[in-house]
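Please open the model in your viewer and keep the selection tool at hand, since each stop on this tour begins with a residue range.

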Amino acid sequence: MEPSENLDFVKLINIRANIDNITPHKIAVVAFIREYGLLKIEAKRMVDCAVAPKYRKDFCMLALKLIQCPDMEFKELESLLTDGRYNLLSVHLQNFCVRLQNIYVNGISALVDCVTSTVDKLMIEQNETNPCIITRYSVLGLYLRRILLNLEKLTFVQTVALYKTFCLYYQKGRPGLMMRSLSKEKLNNMEGVGISATNEDPRPLELSIKMNIVDRNNLLEEGQWSRKQAELFTAQQANLLQINEKKALPPPQLQKMIMQIINDLPDYSDIHFLSFLNCLRMKEFCGAQDSLYNCFDRTVFSLPGNNICTDRNKHFRYAALNRAAMHTHFGHKELAMESVRESVSRAQEAGDSACVGAAGAWGALAGGRAPRAALLAHAPRSPRAPRLLASAAQLLAQHAALNAAKPADVFQIITRGDTINYLHSMTDLTVAGLANTAALWALYGFTEMASVNCQLLLNLNAKCSVVSEAAGALGVAAWRGAGGLCAALAAHFPCPATAALAARVCAHRALLAGKWEEADEGIRQLASSDRWESQLLKAEMYFLKGDAMEALDSLQDVLDFCKTEDDSYHFISLRLKAMVLMSQVQQCFSSVQSANIMLLNEALALAKKYHLHYWATTVEMHIANVQLNMGCSKNALVLARKALPFIMAHGSAYDLGRAMLLYTKCRIASAPISGESRTNVLQSCCEALELVKKNFTKVGAHSRLVQTLYLQAHLYNDIGNQSARNQCAWLYRQLDQQNPVEATKMLLVMY
């Protein structure tokens with residue numbers, strides 16, 4: 001048997017006919033449309049009488065919503081009609097209630113008559129005496145005709161089951177409550193033309209027929225989601241996940257609705273891809289992999305008979321491409337490269353340059369330095385589509401920045417990509433370009449420039465999402481700037497990236513305040529998303545608690561990991577952080593400072609090689625601190641004075657506070673031994689310490705604030721200002737009583 005014949009046979013067996021099941025909700029929607037149409041016919045027969053525009057507009061919007069949304073319970077429908085969101089005529093709602101009650105009381109004939117009479121009365125041929133309310137090819141016309149067609153296809157047993165299901169649907173609601181809630185004061189002049197829903201006098205609910213109602217699942221398939229409703233829902237949610245993830249349904253609720261659609265339409269492949277995107281959003285690997293495989297399995301088996309080999313190859317290469325994206329997202333680089341190679345080979349066979357370019361981009365992200373350089377080297381040589389060229393420019397800029405290229409060359413590459421984006425109005429790549437630019441400025445240490453680009457990004461009126469792009473770039477800027485910005489970002493844009501950023505800020509602030517339990521909790525939260533950053537914070541916690549061995553062990557793990565990476569997106573700054581923190585541990589707990597100086601010089605050379613200006617300045621401040629403790633106060637003062645302006649321009653409040661504190665210590669150590677000049681220097685230092693206290697108070701660095709007050713009290717004592725000395729001593733005592741700080745040499749030595 002030929003492969004195409006085999007697939008057609010499987011398709012005939014496994015794929016159900018695309019027939020929408022009739023549900024009680026759809027019968028209620030038909031009744032709702034019917035009563036409005038009859039009301040409009042009655043209005044046209046009267047002189048100088050018409051339905052007001054606001055009622056017409058709200059009816060059309062509500063009818064469209066009821067057609068597109070999945071089935072809802074009668075309680076939900078009643079709430080939707082009466083909560084005031086839509087301007088609806090009271091007489092319309094009254095007639096609608098009477099119509100549903102009529103169906104409930106009078107049986108199957110009333111149900112069938114509701115559908116057939118709606119089509120017969122509202123979709124008649126247009127003439128002078130009989131106006132046409134609903135055209136056959138309008139949205140409502142197509143909906144009503146489809147309901148009528150499916151109703152006529154039902155067998156007698158299925159029709160009876162439908163009626164019993166409707167009775168359950170009606171009983172689970174609040175029969176009569178909506179009618180009683182409609183106040184007669186709401187009736188306007190138009191409502192006098194309202195017509196009764198039926199000429200028959202319906203029996204009260206107490207005299208309703210007694211039936212042996214059974215579960216509808218036993219006789220009639222529930223079919224809560226029709227194919228068109230599922231397609232609309234899938235398109236809307238997938239678009240929101242791309243444009244504005246915040247407006248999409250929360251992951252648990254979205255997954256619940258996805259499972260409902262899968263239960264109703266098991267062969268609808270696109271819903272599995274939406275499940276794949278939802279799992280990627282929550283970093284759930286098993287669910288993402290299963291959903292991706294289910295999506296493309298069902299896509300292949302639902303192919304038409306013509307050109308089936310070509311279509312199969314297309315689906316297979318894009319399945320491999322999505323698999324590469326998934327493994328890259330989860331950090332499985334070897335598996336991602338296998339999928340990239342498979343996708344590239346199949347795309348080259350089919351001559352699909354777009355797929356080759358996309359696969360090359362994912363290969364550049366997943367591969368190391370050599371594969372990335374090889375893939376990007378061929379990008380500018382061969383003619384490609386503008387989108388591929390712009391994407392290649394972004395990746396090439398990242399690759400160059402992480403491999404010690406000059407910042408001017410890196411930004412020149414970014415500018416080329418932005419030019420292509422602007423020429424071809426590619427908004428999504430424009431957003432990515434702004435995020436890349438912000439991330440590069442933050443990498444080089446110019447956080448003010450990074451903040452400007454992030455503000456442009458967040459205020460950009462784009463149709464694509466800026467949250468994930470902005471979170472990483474803004475994170476570095478916010479980390480060195482105001483910590484409140486990180487918390488605001490996490491609260492306003494809930495996503496894994498901002499949650500990790502908030503956990504990082506929370507842990508860091510708890511460390512500054514000496515709250516070890518809170519810091520440990522934040523570190524544990526961060527570990528699930530950023531293992532090595534949490535390892536650094538853990539080492540810092542051990543260091544501040546005085547446990548040098550544990551701190552050194554954690555830092556050595558980080559440095560060993562950095563040796564295994566070639567040009568990952570974070571290993572340079574990660575390595576520098578580990579080296580600087582290790583130097584602090586050695587300075588505070590070791591008497592031999594020569595190894596410490598060598599380590600800091602190595603870190604300084606590494607920072608200058610990769611043009612990380614802020615880290616180079618930070619390392620220079622650490623070297624100045626070591627020189628000060630070794631007695632080389634003049635050299636330390638020169639180095640601190642050189643590095644201070646850059647920190648004041650781009651540093652955080654905490655970095656500015658400790659830089660000013662070190663600079664003040666260097667001035668004190670270099671001041672004259674006695675005389676008026678020494679008094680003037682000490683007085684100036686006391687004034688500078690006010691700025692230090694302000695910055696430490698801003699970030700909640702309790703131990704450093706206490707240390708500053710202690711130093712300031714000594715300075716005021718030396719210059720003879722007893723009132724200021726007593727004020728500092730009183731503040732010191734108050735803070736020490738609120739949160740006692742153990743007096744250790746470490747606070748006096750550390751930067």
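A residue is called buried here when its relative accessible area is under 20%. With that cut-off in mind, and remembering that this is a predicted model, begin by selecting residues 108-122, which form helix α6. Its 15 residues should span 21 Å at 1.5 Å a residue, and the end C-alpha atoms are indeed 21 Å apart, so expectation and model agree. Now show the side chains of Ala-110, Leu-111, Cys-114, Val-115, Ser-117, Thr-118, Val-119 and Leu-122, which are buried in α6. To see what covers these residues, add α2 (24-45), α5 (90-106), α7 (139-153) and α8 (156-171), which are included in that cover.

Move next to residues 447-458, helix α22, where 12 residues should span 16 Å at 1.5 Å a residue, in agreement with the 16 Å between the end C-alpha atoms. Which residues of α22 are buried? Select Thr-447, Ala-450, Asn-453, Cys-454 and Leu-457, which are the ones to look at. They cover an arc of only 120° around the axis, and therefore lie on the same side of α22. An α-helix has 3.6 residues a turn, so residues three or four places apart point the same way.

For the last stop, select helix α26 (residues 516-527) together with helix α27 (residues 531-545), which pack at an angle of about 165° with their axes 8 Å apart. That angle makes α26 roughly antiparallel to α27, and the crossing of the two is left-handed. In the contact between them, Trp-516, Ala-519, Asp-520, Ile-523, Leu-526 and Ala-527 of α26 meet residues of α27 that include Arg-531, Leu-537, Met-541 and Leu-544.

Key. Residues numbered from 1 in each chain as written. Predicted model: local features only at pLDDT ≥ 70, side-chain atom pairs only at ≥ 80, totals over all residues. Heavy atoms only, no water. Helix = DSSP H or I, 4+ residues; strand = E, 2+ residues; numbered from the N terminus. Expected span 1.5 Å × (residues − 1). Buried < 20%, exposed > 50% of the residue type's maximum accessible area, 1.4 Å probe, protein only. Arc of directions from axis to C-beta. Axes fitted to C-alpha atoms, helices over the stretch in contact; angles between N-to-C directions. Parallel < 35°, antiparallel > 145°, perpendicular 65-115°, else oblique. Left-handed = near helix turned anticlockwise from the far one by under 90°. Contact = heavy atoms within 4.5 Å.
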